[in-house]
Amino acid sequence: MEFTRNNGVRMPAVGIGTFLMRPEQAEQAVCTALEMGYPMIDTDNAYK
């Protein structure tokens with residue numbers, strides 16, 4: 001399932017975010033999400 005944003009860009013309805021996770025937590029969460037087939041991963045904790 002996905003949504004179409006106001007600008008026409010399509011975005012998955014399900015994803016995982018890493019905000020406020022410690023780097024090692026974020027790494028494990030992203031690896032697990034990729035293995036499970038998550039269509040969207042927001043790695044905002046990497047912006048630090």
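A salt bridge is a side-chain nitrogen of Lys or Arg within 4 Å of a carboxyl oxygen of Asp or Glu. The exercises below apply this and other terms to a predicted model, in which local features need pLDDT of at least 70 and side-chain atom pairs count only at pLDDT 80 or more, while totals for chains, interfaces and linings use all residues. Residues are numbered from 1 along each chain as its sequence is written, and side-chain values use heavy atoms, with hydrogens and water left out.

**Exercise 1. Salt bridges**

Task: State how many salt bridges the structure holds, and describe the partners in each.

Solution.
Step 1. The structure holds 2 salt bridges.
Step 2. One of them joins Glu2 and Arg10, whose closest N and O atoms are 2.5 Å apart.
Step 3. The accessibility of these partners is then read with three classes: buried means under 20% relative accessible area, exposed over 50%, and partly exposed in between (1.4 Å probe, protein chains only). Glu2 is partly exposed because its relative accessibility is 40%, whereas Arg10 is exposed at 58%.
Step 4. Glu24 and Arg22 also meet through their side chains in a salt bridge, at 2.8 Å from N to O. Glu24 has a relative accessibility of 46% and therefore counts as partly exposed; Arg22, at 48%, is partly exposed.
Step 5. As a general remark, side chains of opposite charge can pair when their charged atoms come close.

**Exercise 2. The order of the elements**

Task: Determine which helices and strands the chain contains and in what order they run.

Solution.
Step 1. Helices (H or I, at least four residues) and strands (E, at least two) are DSSP runs, numbered from the N terminus.
Step 2. The chain has 1 helix and 4 strands.
Step 3. Read from the N terminus, the order is β-β-β-α-β.
Step 4. Strands β1 (2-4) and β2 (10-12) are linked by a loop that includes Gly8. Ala13 lies in the loop between β2 and β3, and Leu20 in the loop between β3 (16-17) and α1. Helix α1 covers residues 23-36, and the loop between α1 and β4 (41-42) includes Pro39.

**Exercise 3. Loop residues**

Task: Describe the accessibility of Leu20, Gly8 and Pro39, and give a further feature of each.

Solution.
Step 1. Leu20 has a positive phi of about 70°, although Leu20 is not a glycine. Its relative accessible area is 68%, so Leu20 is exposed.
Step 2. Gly8 is partly exposed, at 47% relative accessibility. The C-alpha atoms of Gly8 and Met21 are separated by 31 Å, although these residues are 13 residues apart along the chain.
Step 3. Pro39 is exposed, with a relative accessible area of 54%. A contact means heavy atoms within 4.5 Å. Leaving aside neighbours within four places in sequence, Pro39 is in contact with Pro12 and Val14.
Step 4. Between the C-alpha atoms of Pro39 and Ala26, 13 residues apart along the chain, the separation is 16 Å.

**Exercise 4. Contacts of Ala13 and Ile16**

Task: Which residues do Ala13 and Ile16 touch, not counting residues up to four places away in sequence?

Solution.
Step 1. Ala13 touches Met1, Glu2 and Phe3. Ala13 is partly exposed, at 31% relative accessibility.
Step 2. The C-alpha atoms of Ala13 and Ile41 are separated by 11 Å, and these residues are 28 residues apart along the chain.
Step 3. Ile16 belongs to strand β3. The residues that Ile16 touches are Ala29, Ala33, Tyr38, Met40, Ile41 and Asp42.
Step 4. The C-alpha atoms of Ile16 and Cys31, 15 residues apart along the chain, are separated by 11 Å.
Step 5. Over the whole chain, residues 24 or more positions apart account for 41% of the contacts with a separation of 6 or more.

**Exercise 5. The chain as a whole**

Task: Give the extent of the chain and the share of its residues that are buried.

Solution.
Step 1. Along the principal axes, the C-alpha atoms fill a box of roughly 35 × 25 × 10 Å.
Step 2. Of the 48 residues in the chain, 17% are buried.
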